[in-house]
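Trainee: Got a minute to go through this model with me? I'd like to talk about salt bridges, burial and surface patches.

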Amino acid sequence: MKTVNAVLLHPAAKPLVFVLALLPFAWLFYGALTNNLGANPAEHLIRATGDWTLRFLCIVLAVTPLRVISSTPALARFRRMLGLFVYFYVLVHLLSYSWFDMGFDLADILKDIIKRPFILVGFSAFLLLTPLAATSFNAAIRKLGAKRWQMLHKLVYLIAGLGLLHFFWMRSGKNDFAEVFVYAGIIAVLLGWRLWQHWGRRQSRAVPQNTATLQ
């Protein structure tokens, strides 16, 4: 894995990942300019940006398991940037809904959030994601301290659950759950891996104590 780590540590690696992560937005923007987003461009934009938010959330959650399983510590250097892309796409998703669906009418937006549970859940996920994006910088880590920063960023697990619930409720209107099950399976595996790792660490710490007691 030394070769893979060397590639990931190359100065061009981060700009390349940045460009790749921006491609879905560029494609949607081009489609909007060329009127190539189907019969309902507004709905297409809202749904596509929501889908990409969930996809990038899965990618971020996959970084640590992939880093550990494949022994490629250099993957960690992309996690913060990918996390910011989660926020970028959810922000575009919210702006698309506020603009195309609601015409930036704040009163109507607030009524819609209160009235429709799936929008309330999605908006709650956005609110929780905001402090994570705002503290995704070295200065914030120094100010908060590593322990408090890590505790704050564990909110990503709750955000993943809320995002999945938002997607489930949105798809329930059309009784179409195929993609929901795919994302639910991916997120369950990624969070399950973390629980397994956490349980393993607790067990490894408990073994010496038990041995000492028996002696």
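Mentor: Sure. Let's start in helix H3 (residues 41-69), where Arg47 and Glu43 sit four residues apart, which means about one helical turn between them. Keep in mind that this is a predicted model.

Trainee: Okay, so how far apart are N and O in the salt bridge of Arg47 and Glu43?

Mentor: An α-helix has 3.6 residues a turn, so residues three or four places apart point the same way. Arg47 and Glu43 are four residues apart in H3. Their side chains do meet in a salt bridge, and the N to O distance is 3.4 Å.

Trainee: And what is the relative accessible area of Glu43?

Mentor: Both partners fall in the middle class, between the 20% and 50% cut-offs. Arg47 is partly exposed at 27%. Glu43 is partly exposed too, with a relative accessible area of 32%.

Trainee: Which residues are linked with Arg171 in a network of salt bridges?

Mentor: Side chains of opposite charge can pair when their charged atoms come close. Arg171 has its closest N and O atoms 3.3 Å apart in the bridge with Asp176, and 3.0 Å apart in the bridge with Glu179. That links Arg171 in a network with Asp176 and Glu179.

Trainee: Is Arg171 buried or exposed?

Mentor: Look at the acids beforehand: Asp176 is partly exposed at 34%, and Glu179 is partly exposed at 29%. Arg171 has a relative accessible area of 8%. The cut-off for burial is under 20%, so Arg171 counts as buried.

Trainee: How many salt bridges does the count come to?

Mentor: We've covered Arg47 with Glu43, Arg171 with Asp176 and Glu179 with Arg171. The full count comes to four.

Trainee: Switching to the surface, what accessible area do Leu16, Phe18, Val19, Leu20 and Leu23 have together?

Mentor: Take Leu16, which is in helix H2 (residues 13-33). Leu16 counts as exposed because its relative accessibility is 52%, and the cut-off is over 50%. With Phe18, Val19, Leu20 and Leu23, Leu16 forms a nonpolar patch on the surface, and their combined accessible area is about 470 Å².

Trainee: Last one: which helices do the buried residues of H6 pack against?

Mentor: H6 covers residues 117-134 and reaches 26 Å from its first C-alpha to its last, close to the 26 Å expected. Its buried residues include Ile119, Phe126 and Leu132. The buried residues of H6 pack against helices H4, H5, H8 and H9.

Notes:
Residues numbered from 1 in each chain as written. Predicted model: local features only at pLDDT ≥ 70, side-chain atom pairs only at ≥ 80, totals over all residues. Heavy atoms only, no water. Helix = DSSP H or I, 4+ residues; strand = E, 2+ residues; numbered from the N terminus. Expected span 1.5 Å × (residues − 1). Buried < 20%, exposed > 50% of the residue type's maximum accessible area, 1.4 Å probe, protein only. Contact = heavy atoms within 4.5 Å. Patch = residues over 30% accessible without salt bridge, like charges linked within 9 Å, V, L, I, M, F, W, Y side chains within 5 Å. Areas by Shrake-Rupley, 256 points an atom, 1.4 Å probe, with all protein chains shown as cover.
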